[in-house]
Amino acid sequence: TFRMIKLNQANHQARNENILGWALALPATFLLVMLYLLPITWVILMSFTNYELGAISFDWVGLRNFSKAFEDEVFLRSFRNTLLYVALVLPSSIFLGLGIAVLIHARKRTRSIYEVIYFLPVTSTLIAMATVFQFLLHPKLGPINHILTAIGIQAISFISDPQWVIPTLSMIGLWQLVGFNMILFLAGLSSIPEKLYEAAALDGANGPIDRFIRITWPMLGPTTLFVMVTSCITAFKVFDTVATLTQGKSGSEVLLYALYLEGFQYFKMGYAAALTLVFLFFILILSIVQSRLIEKKVHYA
């Protein structure tokens, strides 16, 4: 009888703990469903329709929106522009962020000053900075073109020339992303034990390049993996600079701006939903491939 009473008490306590656990998890679960699962489900369903914003009815079109996307010249051009943008921004932001972090980490008194200077572009909004960049890059009034003409180089239409518009947008994106990657690399550098450098010095690794190759770079593997994945996603989400500086002119369309045009300018919400799924699928596959390939070479302390 005593064992039965103890067993019932234990079962009752377990049920109460389960109920309490579900009650504590319920608000977070509700927010997860409302903010993520329902919108994604709605986008998936809408991608199989020809729904237009404001329309009373719609038809199910199956995979027609997806097949149309790969025949749409605007979408294909925006896809190529986005790949070019990522190819220019991703490696440059990683190596520049790492190089600046290594240089700043070695400083003692002026480290905080340099951190603030390089992190300022991260805190500024590109929409607010659009006016500044328009002035700097103006073909006639901009100081950059004045410098080019002073040294004998013809003025360049950075924003309106199709050959220069994507590299110019890439430089602006790089300007804003380097400071964030620098902070991440500084955190990674601060976590490397000094004993490793002392042991490496005993083994003959006295030069800064030798220490960087043998100690710093391998120990920054987890940080580099995180920086690479986040920088890649950030680069693929480029939108602000295109919307404010070019409005998609001169062949400067990118994926997110193409989605914006289809959904909120042309009101083709079904087609825009299909493009969104293609974009999300590509980002997902790219992130998985990056993590799987690079994580094999990452050293976790």
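A residue is taken as buried when its relative accessible area is under 20% and as exposed when that value is over 50%, with partly exposed in between. By this criterion Met-269, which is found in helix α13 of this predicted model, is buried, because its relative accessible area is 16%. Leaving aside residues up to four places away in sequence, Met-269 touches Met-46, Tyr-51, Glu-52, Leu-53 and Gly-263. Met-269 and Thr-244, by contrast, are separated by 25 residues in sequence and by 23 Å in space, C-alpha to C-alpha.

Two residues that are not glycine have positive phi values. One of them is Phe-267, with a phi of about 60°, located in the loop that runs between α12 and α13 (269–295); its relative accessible area is 40%, and Phe-267 is therefore classed as partly exposed. Gln-247 likewise has a positive phi, near 55°, and lies in the loop between α11 and α12 (255–265). With a relative accessibility of 37%, Gln-247 also counts as partly exposed.

Helix α5, which spans residues 126–136, has Leu-126, Ala-130 and Phe-133 as its buried residues. When α5 is viewed down its axis, these buried residues fall within an arc of 80°, so that they line one face of the helix. Such an arrangement can be read against the general geometry of the α-helix, in which there are 3.6 residues a turn, so residues three or four places apart point the same way. Ala-128 and Thr-131, on the other side of α5, are exposed. The packing partners of the buried residues of α5 are α7 (162–190) and α11 (240–246).

The packing of helices α8 and α9 was examined in turn. In general, two packed helices are described by the angle between their axes and the distance between the axes. For α8 (residues 194–202) and α9 (residues 208–219), the axes come within 10 Å and cross at roughly 155°. Since angles over 145 degrees count as roughly antiparallel, α8 and α9 are therefore roughly antiparallel to each other, and the crossing in which α8 passes α9 is right-handed. On the α8 side the contact is made by Leu-196, Tyr-197 and Ala-200, which meet Arg-211, Ile-215, Thr-216 and Met-219 of α9. Sorted by character, the residues of this contact comprise five that are nonpolar, one that is polar and one that is charged.

Definitions and conventions
Residues numbered from 1 in each chain as written. Predicted model: local features only at pLDDT ≥ 70, side-chain atom pairs only at ≥ 80, totals over all residues. Heavy atoms only, no water. Buried < 20%, exposed > 50% of the residue type's maximum accessible area, 1.4 Å probe, protein only. Helix = DSSP H or I, 4+ residues; strand = E, 2+ residues; numbered from the N terminus. Arc of directions from axis to C-beta. Contact = heavy atoms within 4.5 Å. Axes fitted to C-alpha atoms, helices over the stretch in contact; angles between N-to-C directions. Parallel < 35°, antiparallel > 145°, perpendicular 65-115°, else oblique. Left-handed = near helix turned anticlockwise from the far one by under 90°. Nonpolar A, V, L, I, M, F, W, Y, C, P; charged D, E, K, R; others polar.
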